[in-house]
Amino acid sequence: MMFKLDENGDTLDVKLIDFQISYWGSPAGDLFYFLISSVKDDIKVKYFDEFIEFYHEKLVESLKKLNYDQHIPTLTELHIELLEKRQSGTVMSQITKKHSS
């Protein structure tokens with residue numbers, strides 16, 4: 001937790017930072033984790049493509065704002081990455097379901 005204090009030491013604001021799953025890797029991992037851990041199955045199925053498109057749009061916007069100078073994946077490349085990483089998504093879903101029960 002990070003605290004923002006005033007000149008008297010009183011708390012003005014608190015930010016929770018969670019680094020327990022922090023890693024450098026494919027955006028597909030982030031996307032799978034979000035979809036598996038945070039979205040109900042019926043919504044996940046119905047809006048899967050929209051989630052992927054929205055994520056990609058925001059990823060591209062963020063990387064451009066940060067002046068990222070490496071290759072920015074296309075939507076098609078993200079879809080391919082999701083297909084290639086689908087096994088890790090399956091494992092993650094089992095772990096997430098086990099801990100949420």
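**Close-up views of helix packing around H3**

**View 1. Helix H2 meets helix H3 in this predicted model.** The axes of H2 and H3 come within 10 Å and cross at roughly 125°. That angle makes H2 oblique to H3. Look next at the sense of the crossing: H2 passes H3 in a right-handed manner. On the H2 side, the contact is made by Asp49, Ile52, Glu53, Tyr55 and His56, and on the H3 side by Leu75, Leu78, His79 and Leu82. Sorted by character, the residues of this contact are five nonpolar, two polar and two charged.

**View 2. A closer look at His56 of helix H2.** His56 belongs to H2, the helix that spans residues 41–65. Is His56 buried or exposed? With a relative accessibility of 13%, His56 counts as buried, because the cut-off for buried is under 20%. Setting aside its neighbours within four places in sequence, His56 touches Pro73, Thr74, Leu75 and Leu78. Two of these names will be familiar from the previous view, where Leu75 and Leu78 appear on the H3 side of the contact with H2.

**View 3. Helix H1 packs against helix H3.** Here H1 (residues 27–38) and H3 (residues 75–84) pack at an angle of about 70°, and their axes lie 9 Å apart. The two helices are therefore roughly perpendicular to each other. H1 passes H3 in a right-handed crossing. H1 brings Pro27, Ala28, Leu31 and Phe32 to the contact, while H3 brings Leu78, Glu81 and Leu82. Six of the contact residues are nonpolar, none is polar and one is charged.

**View 4. Ala28 of helix H1 and its contacts.** Which residues does Ala28 contact, leaving aside its neighbours within four places in sequence? They are Leu78, Glu81, Leu82 and Lys85. Leu78, Glu81 and Leu82 also form the H3 side of the H1 contact.

**View 5. The largest nonpolar core.** Nine residues make up this core: Ala28, Leu31, Phe32, Leu35, Ile36, Val39, Ile52, Leu78 and Leu82. Which elements give two or more residues to it? H1 and H3 do, and H1 gives the most, with five residues. It is worth tracing a few members back to the earlier views: Ala28, Leu31 and Phe32 take part in the contact of H1 with H3, and Ile52 is among the H2 residues in the contact with H3. Leu78 and Leu82 are listed on the H3 side of the contact with H1 and of the contact with H2.

Key:
Residues are numbered from 1 along each chain as its sequence is written. This is a predicted model: local features need pLDDT of at least 70, side-chain atom pairs count only at pLDDT 80 or more; totals for chains, interfaces and linings use all residues. Side-chain values use heavy atoms; hydrogens and water are left out. Axes are lines fitted to C-alpha atoms, for helices over the stretch in contact, and angles run from 0 to 180 degrees between N-to-C directions. Helices (H or I, at least four residues) and strands (E, at least two) are DSSP runs, numbered from the N terminus. Angles under 35 degrees count as roughly parallel, over 145 as roughly antiparallel, 65 to 115 as roughly perpendicular and the rest as oblique. A crossing is left-handed if the near helix is turned anticlockwise from the far one by less than a right angle, and right-handed if clockwise. Contact means heavy atoms within 4.5 Å. Ala, Val, Leu, Ile, Met, Phe, Trp, Tyr, Cys and Pro count as nonpolar, Asp, Glu, Lys and Arg as charged, and the others, Gly among them, as polar. Buried means under 20% relative accessible area, exposed over 50%, partly exposed in between (1.4 Å probe, protein chains only). A nonpolar core is a set of buried Ala, Val, Leu, Ile, Met, Phe, Trp, Tyr and Cys residues joined through side-chain atoms within 4.5 Å.
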